[in-house]
Amino acid sequence: MRALNVPAAGEQPRLSDLPVPGAVEGTVLVRVKAAGLNALDNALAAGMMAEMLPHVYPLVLGRDAAGIVEAVGAGADHVAVGDEVIGHMLLAPPIQAGTLAEYALLPAAAVTHKPAGLDFTTAAALPLAAAAAKAAVDAIEPEPGQTVLVVGAGGGVGSYAVQLLAARGVTVVATGTADDTDRLTTLGATTVIDYTAGPVAEQVAAAYPDGVDALIDLVAYTPDSAPLDVVRKGGKVASTLGAAADEQALAAVGLTGTSVMAAPLREVVAQLADQAAAGTLKVDVTTVLPLEKATDGLATLASGTARGKIVIEIGD
Ligand SMILES: NC(=O)c1ccc[n+]([C@@H]2O[C@H](COP(=O)([O-])OP(=O)(O)OC[C@H]3O[C@@H](n4cnc5c(N)ncnc54)[C@H](OP(=O)(O)O)[C@@H]3O)[C@@H](O)[C@H]2O)c1
């Protein structure tokens, strides 16, 4: 099968032929029709998590997929050969199999039926980013009428988070560049703060002098690089990176936080897919590329300028 893989530690990803894996207990072999890209793909390609999780090479990139069940391992009886599914390669050792390939061997716990109303390309954009957005939103327990700042709203996770917050009756303050204002407003943002025009904290403080109730930060690696000053005392912070990792640093400014670790298990993704199929959650696929151009998509993600989701279409 053709697969985008890192042949050995430290090498650049390349497209080459690899053997099709066989379905083993607790797995589902999926013929991949589309694979959504995530920032995590670049981190794994660069070996950034190799100290935490053993990597086995050649390492196939990609975590999200939508496709057709080709084979089912023992114990994976909730799907059958020929079913159209959405799946995710959970972060479990060893890191070796991926979805940027003609076939992906996925853990059964992270494979769910694709609603008929979603095409493969749209479905492949859901698992990790939408699950992370849901986990971040759930963590701050927003109440209708509250105001929440989302930093990094323009990307994959942020585009879902803005919508999930707006659906809960929250006033969403989203960071984004000026040319992305209309898209973010359409997704549900009340105010768009151009983070390239000046410090986010200053702009938010000017627009919301009483501060915001909570912060979802998808950009900062440490609390001191997140705009904590604009969150009211007693407020909550959720981060997919390190902005909420230091409990003491947050407590010192009267806040509590959650470091989000998304687990796109099938129950979570099924619910999000139903919302997408019903039209209550927009899956904002902004770029579709063939497998031969997947590295271009990864480069866009690495540049930090991705909008919504990038999806790679595979096969016919
Ligand atoms: N812990 C977890 O479970 C988990 C799960 C998913 C993702 N993540 C991490 O969460 C982060 C976001 O994920 P993603 O998939 O949304 O990534 P993404 O698609 O690359 O989006 C990040 C977005 O942030 C915006 N941005 C860049 N620099 C910024 C800045 N200084 N201030 C404000 N916005 C800025 C950019 O949008 P514009 O320039 O277009 O506005 C960019 O598109 C990534 O680092 C990813 O690794 C973690």
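Colleague: How far apart are the centres of domain 1 and domain 2?
Modeller: 28 Å, taken over C-alpha atoms. This is a predicted model, in which local features need pLDDT of at least 70 and side-chain atom pairs count only at pLDDT 80 or more, while totals for chains, interfaces and linings use all residues. Residues are numbered from 1 along each chain as its sequence is written, and side-chain values use heavy atoms, with hydrogens and water left out.

Colleague: Where do the domains run?
Modeller: Domain 1 is 2–125 + 283–313, and domain 2 is 129–259. Those bounds come from an automatic or database domain assignment.

Colleague: How many residues does each domain put into the contact?
Modeller: Eight from domain 1 and 11 from domain 2. Contact here means heavy atoms within 4.5 Å.

Colleague: And what area is buried between domain 1 and domain 2?
Modeller: About 720 Å², with carbon and sulfur atoms giving 41% of that. Buried area is the accessible area (1.4 Å probe) that two parts lose on being put together, summed over both.

Colleague: Which three residues supply the most on the domain 1 side?
Modeller: Asp 284, Arg 307 and Gly 308, which supply 59% of the area that domain 1 buries against domain 2.

Colleague: How many salt bridges are there between the two domains?
Modeller: Three. The rule is a side-chain nitrogen of Lys or Arg within 4 Å of a carboxyl oxygen of Asp or Glu. The interface also has seven residue pairs in polar contact, both residues at pLDDT 80 or more. A polar contact is a pair of N or O atoms within 3.5 Å; within protein, one must be able to donate a hydrogen and the other to accept it, and residues adjacent in sequence count only if both atoms are side-chain atoms.

Colleague: What classes of residue does domain 1 show to domain 2?
Modeller: Three nonpolar, two polar and three charged. In that scheme Ala, Val, Leu, Ile, Met, Phe, Trp, Tyr, Cys and Pro are nonpolar, Asp, Glu, Lys and Arg are charged, and the others, Gly among them, are polar.

Colleague: What does Arg 307 pair with?
Modeller: Asp 179, in a salt bridge of 3.4 Å, N to O. Both of them belong to a network of salt bridges that also links Asp 180, Arg 183, Lys 282 and Asp 284.

Colleague: How about Asp 284, what is its distance to Arg 183?
Modeller: 2.5 Å, N to O, in a salt bridge between the side chains. Asp 284 sits in the loop between helix H8 (266–278) and strand E15 (285–290), and Arg 183 is in helix H5 (residues 181–187), so the pair ties together parts that are 101 residues apart in sequence. Helices (H or I, at least four residues) and strands (E, at least two) are DSSP runs, numbered from the N terminus.

Colleague: Are Asp 284 and Arg 183 buried or exposed?
Modeller: Both are buried. Buried means under 20% relative accessible area, exposed over 50%, and partly exposed in between (1.4 Å probe, protein chains only).

Colleague: How many salt bridges does the whole structure hold?
Modeller: 13. One of them joins Arg 31 and Glu 70, with the closest N and O atoms 3.8 Å apart. Arg 31 is in strand E3 and Glu 70 in strand E5 (residues 64–72), 39 residues apart. Arg 31 is partly exposed at 29%, and Glu 70 is partly exposed at 36%.

Colleague: Where do Lys 134 and Asp 138 lie?
Modeller: Both are in helix H3 (residues 127–140), four residues apart, about one turn of the helix. Their side chains form a salt bridge of 2.7 Å, N to O.

Colleague: Switching topic, why does Thr 27 count as buried?
Modeller: Because its relative accessible area is 12%. Thr 27 lies in strand E3 (residues 27–36), and a polar atom of its side chain is 2.6 Å from the backbone oxygen of Val 24. Beyond its neighbours within four places in sequence, Thr 27 contacts residues including Val 72, Leu 105 and Pro 107.

Colleague: And Ser 16, what does its side chain contact?
Modeller: The side chain of Asn 5, in a polar contact of 2.9 Å. Ser 16 is in strand E2 (residues 14–17) and counts as buried at 17% relative accessibility.

Colleague: Last one, where is Ser 225?
Modeller: In the loop between strand E12 (212–217) and strand E13 (231–239). Ser 225 is partly exposed at 46% relative accessibility, and a polar contact of 2.9 Å joins its side chain to that of Thr 222.
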